[in-house]
Each structure stands twice: as C-alpha cells, then as structure tokens.
Amino acid sequence: MIELNDDKCMHCGACVGACPANAIYLNEVILDFNDDCTDCGLCVRACPVGALSLIRTRGLKVPAVTA
Ligand code: SF4
Ligand code: SF4
C-alpha cells in the first residue's frame, strides 16, 4: 500500500500521471488511492518531493479482531 506524507505533497499530479492502474485521485485538497493499486511503486518514483512511500504489507501478521 502507498502512504502519503501530507506535509510534503504539493498536489502537482505527477503521481496520478505515473500510475498505470488509475489508482490515484487528486483534487485541490485530497490525494487518495483506490483498491486498484498493485504496489508497483511508479508513483513513489514519480513524486519530485518524496511524499509517497511504498509500505510492504504482504507477510505481516494481522492482529486478530476482537469483539
Ligand atoms: S503503487 Fe503503482 S498502482 Fe499503486 S498508486 Fe502507485 S503507481 Fe498506482
Ligand atoms: S507526485 Fe508527490 S507532490 Fe505530486 S501530487 Fe503526487 S504525492 Fe503530491
């Protein structure tokens, strides 16, 4: 999954154009991702200010859900 650092993002749209899955949405105030993200990392490389990070989630232990 992709993590965004809001403090760094300047809403340039470079990551939106780089995403082959159309998984990034951008408007004037929000940058968001949908479930089509394949964790390819292209948006991370496209960001000129290092605002995006790729978080590896596979293999992580998921805490049990308690009622
Ligand atoms: S990791 Fe790849 S698929 Fe996911 S939002 Fe970034 S460019 Fe799109
Ligand atoms: S490329 Fe980086 S700075 Fe530009 S909109 Fe995406 S996250 Fe924000």
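## Exercises on a predicted model

There are two helices and four strands in the protein chain, and the model that shows them is a predicted one.

**Exercise 1. Work out in which order the helices and strands follow one another along the protein chain.**

Solution. Start by noting what has to be placed, namely two helices and four strands. Reading along the sequence, one then finds the pattern β-α-β-β-α-β. The positions can be filled in from the residues that sit between the elements: Lys 8 belongs to the loop that joins strand 1 (2-4) to helix 1, while Asn 22 belongs to the loop between helix 1 (14-18) and strand 2 (24-26). Further along, Asp 39 is placed in the loop between strand 3 (31-33) and helix 2, and Cys 47 is found in the loop from helix 2 (42-46) to strand 4 (52-54).

**Exercise 2. Describe the surroundings of ligand 1 and of ligand 2, first by the nearest residues and then by class.**

Solution. Take ligand 1 to begin with: 14 residues lie around ligand 1, and those that come nearest are Cys 19, Ala 21, Cys 37, Cys 40 and Cys 43. Sorted by class, the shell around ligand 1 holds 11 nonpolar residues, two polar ones and one charged one. Now turn to ligand 2, which is surrounded by 15 residues, the closest being Cys 9, Cys 12, Ala 14, Cys 15 and Cys 47. In the shell around ligand 2 there are 13 nonpolar and two polar residues, and no charged residue.

**Exercise 3. Decide whether Cys 47 is buried or exposed, and find out which residues Cys 47 touches.**

Solution. The first step is to count neighbours, and since the cut-off for a buried residue is 20 or more other C-beta atoms within 10 Å, Cys 47 counts as buried because it has 20 C-beta neighbours inside 10 Å. The second step is to look for contacts beyond the neighbours within four places in sequence, and here Cys 47 is in contact with Ala 14, Cys 15 and Leu 52. For the pair Cys 47 and Ala 14, the separation is 33 residues in sequence, yet the C-alpha atoms are 6.2 Å apart in space. The third step is to place Cys 47 in a wider group: the largest nonpolar core has eight residues, which are Ile 2, Cys 15, Cys 19, Ile 24, Cys 43, Cys 47, Ala 51 and Leu 52. Cys 15, also a member of this core, has contacts with Ile 24, Cys 43, Ala 46, Cys 47 and Leu 52 when neighbours within four places in sequence are left aside. For the protein chain as a whole, buried residues make up 12% of the 67 residues.

**Exercise 4. Compare the settings of Lys 8 and Ala 23, explaining why each has its exposure class.**

Solution. Lys 8 counts as exposed because it has 12 C-beta neighbours inside 10 Å, and the cut-off for this class is 12 or fewer. Leaving aside neighbours within four places in sequence, Lys 8 is in contact with Val 49, Gly 50 and Ala 51; from Val 49, Lys 8 is 41 residues away in sequence and 6.6 Å away in space, C-alpha to C-alpha. Ala 23, in the loop between helix 1 and strand 2, is partly exposed because 19 other C-beta atoms lie within 10 Å. With the same kind of neighbours left aside, those within four places in sequence, Ala 23 is in contact with Phe 33, Asn 34, Asp 36 and Cys 37. Ala 23 and Asp 36 are 13 residues apart in sequence, with 5.4 Å between their C-alpha atoms.

**Exercise 5. Examine the phi angles of Asn 22 and Asp 39, and add the exposure of each residue.**

Solution. For Asn 22, phi is near 50°, which is a positive value in a residue other than glycine, and Asn 22 is exposed because 10 other C-beta atoms lie within 10 Å. Asp 39 is not a glycine either, and has a positive phi of about 60°; its 14 C-beta neighbours inside 10 Å make Asp 39 partly exposed.

How values were computed:
Residues numbered from 1 in each chain as written. Chains lettered and ligands numbered in written order. Predicted model: local features only at pLDDT ≥ 70, side-chain atom pairs only at ≥ 80, totals over all residues. Near = placed C-beta within 6 Å. Nonpolar A, V, L, I, M, F, W, Y, C, P; charged D, E, K, R; others polar. Core = buried A, V, L, I, M, F, W, Y, C linked by C-beta atoms within 7 Å. Contact = placed C-beta atoms within 7 Å.
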